[in-house]
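Colleague: I would like to learn how to read a few features of a model, one after another. Could you take me through them slowly?

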Amino acid sequence: MKTYTNVKDLGNLNKAVREALEIKKNRFGYKHLGTDKTLLMVFFNSSLRTRLSTQKAGMNLGMNTMVLDVNQGAWKLETERGIIMDGDKSEHLLEAIPVMGSYCDIIGVRAFATFENKNDDYQENILNQFIKYSGRPVFSMEAATAHPLQAFADLITIEEYKKTARPKVVLTWAPHPKALPQAVPNSFADFMNEADVDFVITHPKGYDLASQFVRNAKVEYDQNKALEGADFVYAKNWAAYTDPNYGKILSSDRSWTVTAEKMALTNNAYFMHCLPVRRNMIVSDDVIESPQSLVIPEAANREISAQTVLKRMLESL
Ligand code: CP
């Protein structure tokens with residue numbers, strides 16, 4: 001595996017999940033693959049889970065791991081070509097990326113959407129420059145439009161907890177005080193569309209995701225109707241995607257918060273969220289603390305999704 005930016009990079013998804021579950025049972029059994037190999041993780045944005053789980057995954061594989069927080073202690077980086085660099089940015093990505101590549105064997109990159117320009121965000125300018133210029137296998141640790149390590153962990157979790165062969169999985173929008181990118185719901189949809197699940201997306205009107213991620217998923221604007229009979233409820237906020245409202249908050253309707261009353265409409269569904277989560281905006285205290293909440297095992301599976309991707313990258317070096 002040379003890149004990991006979306007579900008397609010995993011090839012056969014059932015096989016990838018089986019491999020992940022094998023790794024979970026024997027996470028220190030592949031140390032020989034990473035001996036004397038170095039993982040560099042580059043963060044343009046904050047992280048708790050991705051940073052720790054990916055570093056742990058690399059260590060499980062015997063790798064040395066290095067972390068660069070671009071906005072804390074590194075030179076400020078220019079990302080646009082052709083700019084006269086007379087401002088506060090001291091270094092260009094076009095030099096910085098190959099330099100970073102010269103110190104490591106595999107690179108992970110986190111670079112969120114800025115919401116300044118939809119085309120720039122959806123062209124994945126920063127991640128693609130790493131793929132083009134680093135000379136190393138590159139994986140996304142959440143890019144502008146996708147978070148495939150999270151969605152892979154989510155699918156592993158669903159496989160572990162499902163009680164029927166084809167569970168009903170509902171992705172529901174929920175309110176949030178800040179405008180958030182579409183990366184998590186995009187990737188969750190990307191994976192659920194490839195998995196053997198009955199997949200429904202629900203959100204207020206105006207929050208439609210990009211068609212390349214929604215594909216043939218059922219979109220239901222009535223959240224109560226969508227939740228009926230659900231086996232898994234995946235809550236997430238995202239800002240508007242469609243023009244002219246890209247990156248804007250269109251609703252703060254608290255009736256979309258996932259509460260015990262909402263969960264009562266489901267088939268005793270499990271509750272999922274990628275974290276970090278704003279309690280009593282996205283989900284009520286009682287739901288996230290309930291035995292049906294999978295937020296902790298879901299976060300724990302981030303180590304497994306990262307290790308599966310890193311293992312495949314090490315095997316391809
Ligand atoms: N879910 C997730 O990616 O968490 P962090 O932003 O803390 O890494």
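Modeller: Let us begin with helix packing in this predicted model, where helix H1 (residues 13-25) packs with helix H12 (residues 295-315) at an angle of about 110°, their axes being 9 Å apart.

Colleague: How is H1 oriented relative to H12, roughly parallel or roughly perpendicular?

Modeller: Angles from 65 to 115 degrees count as roughly perpendicular, and therefore H1 is roughly perpendicular to H12.

Colleague: Which residues make the contact?

Modeller: On H1 they are Lys15, Ala16, Glu19, Ala20, Ile23 and Lys24, while H12 contributes Asn301, Ile304, Gln307, Thr308, Lys311 and Arg312. Sorted by class, the residues of this contact of H1 with H12 are 4 nonpolar, 3 polar and 5 charged.

Colleague: Let us turn to the ligand. Which residues surround the ligand?

Modeller: The ligand has around it Ser47, Leu48, Arg49, Thr50, Arg110, His147, Gln150, Cys274, Leu275 and Arg302, a shell that comprises 3 nonpolar, 4 polar and 3 charged residues.

Colleague: What polar contacts should I look for, given that a pair of N or O atoms must lie within 3.5 Å?

Modeller: For arginine 110, a polar side-chain atom lies 2.9 Å from an oxygen atom of the ligand. In the side chain of glutamine 150, an N or O atom is 3.0 Å from a nitrogen atom of the ligand, whereas cysteine 274 uses a backbone N or O atom, which lies 3.0 Å from a nitrogen atom of the ligand. On its own the ligand has 250 Å² of accessible area, and the protein covers 93% of that.

Colleague: How should I read the backbone angles?

Modeller: As a general idea, most peptide bonds are trans, and most residues other than glycine have a negative phi.

Colleague: Where is a peptide bond cis?

Modeller: The bond from aspartate 243 to proline 244 is cis, with omega near 5°, and proline 244 sits in the loop between strand E11 (232-236) and helix H10 (260-263). Leucine 275 and proline 276 are also joined by a cis peptide bond, with omega about 0°, and proline 276 belongs to the loop between strand E12 (270-272) and helix H11 (285-288).

Colleague: Which residue has a positive phi although it is not a glycine?

Modeller: That is phenylalanine 115, with a phi of about 70°, and phenylalanine 115 is placed in the loop between strand E6 (106-110) and helix H4 (118-122).

Conventions. Residues numbered from 1 in each chain as written. Predicted model: local features only at pLDDT ≥ 70, side-chain atom pairs only at ≥ 80, totals over all residues. Heavy atoms only, no water. Axes fitted to C-alpha atoms, helices over the stretch in contact; angles between N-to-C directions. Helix = DSSP H or I, 4+ residues; strand = E, 2+ residues; numbered from the N terminus. Parallel < 35°, antiparallel > 145°, perpendicular 65-115°, else oblique. Contact = heavy atoms within 4.5 Å. Nonpolar A, V, L, I, M, F, W, Y, C, P; charged D, E, K, R; others polar. Near = heavy atom within 4 Å. Polar contact = N/O pair within 3.5 Å; in protein donor to acceptor, adjacent residues only side chain to side chain. Areas by Shrake-Rupley, 256 points an atom, 1.4 Å probe, with all protein chains shown as cover.
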